[in-house]
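Visitor: I have just opened this structure and would like to learn how to read it. Could you walk me through it, one feature at a time?

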Amino acid sequence: MRTTRLPAVLLAAACATATTAVAVGAGATLGAPSAHAADPGGQAFAIADPRITESSGLAASRQHPGVYWTHNDSDDGPYVYAVDSRGRTVATVTLRGVEPRDVEAVSLGPDGRLYVGDLGDNLGGKWPEVWIYAFAEPAELHDQTVEVTRYKVRYEDGPRDAEALMVHPVTGRAYIASKKQGGGGLYQGPEKLSPTGVNTFRRIADAPWTTDGAFSPDGTRLVLRGYFSATLYRWKDGAPSELGPLSTPFQRQGESVTFTSDGRALLYGSEGKDSPVWRAPLDDAQLPDTVEPLRSPTPAPSDPSGPADPSAPASPASGGAAPPSSDGGKDAPASTGDQVLGVAFLAAVAGAVFGLRRKKREG
């Protein structure tokens, strides 16, 4: 989604980054290190298609392992793209009869349909209604045009901006998280969407500044992300309970998130040309209820008198230097230092902006 109010976004980003920095600096992680600690994650792929410059939603395919659905958020057209695990577009799906306004999210339902959320509102909540489009996930991946079902959406408490649509993978119920400075709301749709009437979404919980969200494949976890932070929730009896913050990559404009098909990791996407998609494994305490923790491998006994293996990479735990990153330093996962620097930078910029405004008023 395009930024239209720079000072507000800077403050929101600074607050989000500060929250994550405090959490990371204080060691606020969910559970002790597990077998996942051996897998730090990293860049999974980069979206190579030059047409996809504003990737705003992400959903892992069920029919096609290793394939992810995405789309641009505006000024593109009625297109949804299937991207493989190497970042190549393997199918472009055109939605027949659709003239999108500001598409912000995509989610896969238990009925095998993809739900596309035309939810954005750059006017800050002025559109009286928004839409959800649904179509069957293609069985074959090739360029094609599909018929869609269009659902009219309104909120019980009036228009608002939103960028996150989550369809529960068990019940099929749709949820929307609104995007608002200082926090928005989580809205629940009717038990079954109606293609003929108005679908009223009712607020059931508070939500942080949210640019995307996703349910785990078993429906027991919900993640909501913003530009610089993400929060994990346990989902039970149709309601969320917060589990805590998640480590997120520091991206140019963090817009999308999805669980991997096995529920063991999250994929974080960003807008921009050749935008990288980062994979972040979940710790045992963060895993969905139906996902078994991986057993930590039993270390082989070492021979103190024997020479070290010169081909083995040195690990930080052993005091050696970690292997260099292969991503060129672009959009790397945020460390504590990165987060603190991010806070300082954003706070300085925000201060300068408001200082100029203040001088202008006084002059």
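Visitor: Let me begin with one strand. How many of the six residues of strand β4 are buried?

Guide: Please keep in mind that this is a predicted model. A residue is called buried when its relative accessible area is under 20%. In β4, which spans residues 79-84, five of the six residues are buried, so by that cut-off the strand is mostly covered.

Visitor: Which strands does β4 pair with, and in what sense?

Guide: To read pairing, look for bridges and for the direction of the two strands. β3 (residues 67-72) is joined to β4 by four bridges, and the two run antiparallel. One pair to look for is Y68 with its bridge partner V83 in β4. β4 also pairs with β5 (residues 89-95), again in the antiparallel sense, over five bridges. There, A82 has A91 in β5 as its bridge partner.

Visitor: What should I look at in the turns of these hairpins?

Guide: Look at the number of residues between the strands and at the sign of phi. The hairpin of β3 and β4 has six residues between the strands, and D75 takes a positive phi near 55°. The hairpin of β4 and β5 has four residues between them, and G87 in the turn has a positive phi of about 85°.

Visitor: What is the order of the strands in the open sheet?

Guide: Read across the sheet, strand by strand. The order is β2-β3-β4-β5-β9, five strands with mixed pairing. β2 (55-60) and β9 (144-146) are the edge strands, each pairing on one side only. From one strand to the next, the twist averages 30°. At the β2 end, five bridges join β2 to β3 in an antiparallel arrangement, and G57 has H71 in β3 as its bridge partner.

Visitor: Where do the side chains of a strand point?

Guide: In a regular strand they alternate between the two faces of the sheet.

Visitor: Which residues have the most contacts inside the largest nonpolar core?

Guide: For a core, ask who belongs to it and which elements supply its members. The largest nonpolar core here has 18 residues, and L95, V116 and F135 have the most contacts inside it. The elements giving two or more residues to this core are β3, β4, β5, β6 (105-108), β7 (113-118) and β8 (130-136). Try selecting V116: leaving aside neighbours within four places in sequence, its contacts include V80, V103, W131, F135 and L165. There is also a second, separate core of 17 residues, with Y115, Y151, A162 and L193 among them.

Visitor: How many aromatic pairs does the structure hold?

Guide: Seven. To read such a pair, check the distance between ring centres and the angle between the planes. W209 and Y227 form a tilted pair, 6.0 Å centre to centre with 50° between the planes.

Visitor: Why does this pair tie together parts that are apart in sequence?

Guide: Because W209 lies in the loop between β14 (198-207) and β15 (212-215), while Y227 lies in the loop between β16 (221-225) and β17 (230-236), the pair ties together parts 18 residues apart in sequence. W209 is buried, with a relative accessible area of 18%, and Y227 counts as buried at 8%. Elsewhere, Y175, F215 and W235 form one aromatic cluster.

Visitor: Which charged end sits over the ring of W127?

Guide: That of R101, 4.0 Å from the ring's centre. Likewise, the charged end of R160 sits over the ring of Y155, 6.0 Å from its centre.

Terms used:
Residues are numbered from 1 along each chain as its sequence is written. This is a predicted model: local features need pLDDT of at least 70, side-chain atom pairs count only at pLDDT 80 or more; totals for chains, interfaces and linings use all residues. Side-chain values use heavy atoms; hydrogens and water are left out. Buried means under 20% relative accessible area, exposed over 50%, partly exposed in between (1.4 Å probe, protein chains only). Two strands pair if DSSP finds at least two bridges between them. A nonpolar core is a set of buried Ala, Val, Leu, Ile, Met, Phe, Trp, Tyr and Cys residues joined through side-chain atoms within 4.5 Å. Contact means heavy atoms within 4.5 Å. Axes are lines fitted to C-alpha atoms, for helices over the stretch in contact, and angles run from 0 to 180 degrees between N-to-C directions. Rings of Phe, Tyr and Trp (its six-membered ring) pair if their centres lie within 6.5 Å; planes under 30 degrees apart count as stacked, over 60 as edge-to-face and the rest as tilted. A charge sits over a ring if NZ of Lys or CZ of Arg is within 6 Å of the ring centre and within 35 degrees of the ring normal.
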